[in-house]
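Please open the model in your viewer, set it to a cartoon representation and keep the selection panel to hand. The stops below go from the overall fold to a single residue.

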Amino acid sequence: MSFSWKISGEAGFGITTIGLNFAKLVARHNLSVWSYAEYPSLIRGGFTTFELSISETSYRTLKNNLDFHIVLRQDGYDRDKARINESTILIYDKDTVKVDESVNSILLPMPYKDIKAKHKAPQVMVNTVSIGATIVTGK
C-alpha cells in the first residue's frame, strides 16, 4: 500500500501545520512518510503546498501522480493538473476552484464556506475539515 497526498492553498492559513500534523498521524500508524513543503511566499496571501508520500515500506521519493489532492485555491489545481488522473480523489473548495470534469478523477467538492458559516469557524479550520474528508474517503 502506498499513496500520495497533497494540500495546496493560501500562505498564512495553516497549510504547512496541517501537513505536518497529518504526517504525524500517518507515522503513528507505523507507515513510512516522506514529505515535501513548498512555500515560495511566506507572506500571507501567497501560495503554499505540502505533499506526502505514504507507504508501508520505506522509500524516499514523491510519486508522479497524486492519489489525494486537497485544493483550496485555483492556482493549486492549475499547477498540478498534469498530476491528476482517474484515480485521484480531488477534494476542493466548490466556491473558488473550477475543475476540469473531463479528467474523470474522483471529485469531492466541499462547501467550505457553508461549513465555516454554520460553525462560525475561522479559515484555518478548512484544513481540519479536509483531513476529515481524506480519512473518510481513504483508499
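For the helix contacts on this tour, contact means heavy atoms within 4.5 Å. Bear in mind throughout that this is a predicted model.

Begin with helix 4, residues 125-137, which lies across strand 1, strand 4 (68-71), strand 5 (89-93) and strand 6, and note that helix 4 runs at about 155° to strand 5.

Next, select the strands themselves: six of them form an open sheet in the order 2-3-1-4-5-6, and their pairing is mixed. Strand 2 (32-38) and strand 6 (106-110) stand at the edges with a single partner strand each, so one side of each is left without a neighbour in the sheet. Looking along the sheet, you can follow a twist that averages 10° from one strand to the next.

Now restrict the view to strand 2 and strand 3 (residues 47-55), which run antiparallel and are joined by seven bridges; one residue to pick out here is Glu-38, whose bridge partner in strand 3 is Thr-49.

Add helix 1, residues 15-27, which packs on the sheet and touches strand 1 (2-10), strand 2 and strand 3, while the direction of helix 1 makes about 10° with that of strand 3.

Finally, select Ser-32, which lies in strand 2. Is Ser-32 buried or exposed? Its relative accessibility is 15%, and because buried means under 20%, Ser-32 counts as buried. Leaving aside residues up to four places away in sequence, Ser-32 touches Ser-53, Ile-54, Ser-55, Thr-57, Ser-58, Tyr-59 and Arg-60.

Notes
Residues are numbered from 1 along each chain as its sequence is written. This is a predicted model: local features need pLDDT of at least 70, side-chain atom pairs count only at pLDDT 80 or more; totals for chains, interfaces and linings use all residues. Side-chain values use heavy atoms; hydrogens and water are left out. Two strands pair if DSSP finds at least two bridges between them. Helices (H or I, at least four residues) and strands (E, at least two) are DSSP runs, numbered from the N terminus. Axes are lines fitted to C-alpha atoms, for helices over the stretch in contact, and angles run from 0 to 180 degrees between N-to-C directions. Buried means under 20% relative accessible area, exposed over 50%, partly exposed in between (1.4 Å probe, protein chains only).
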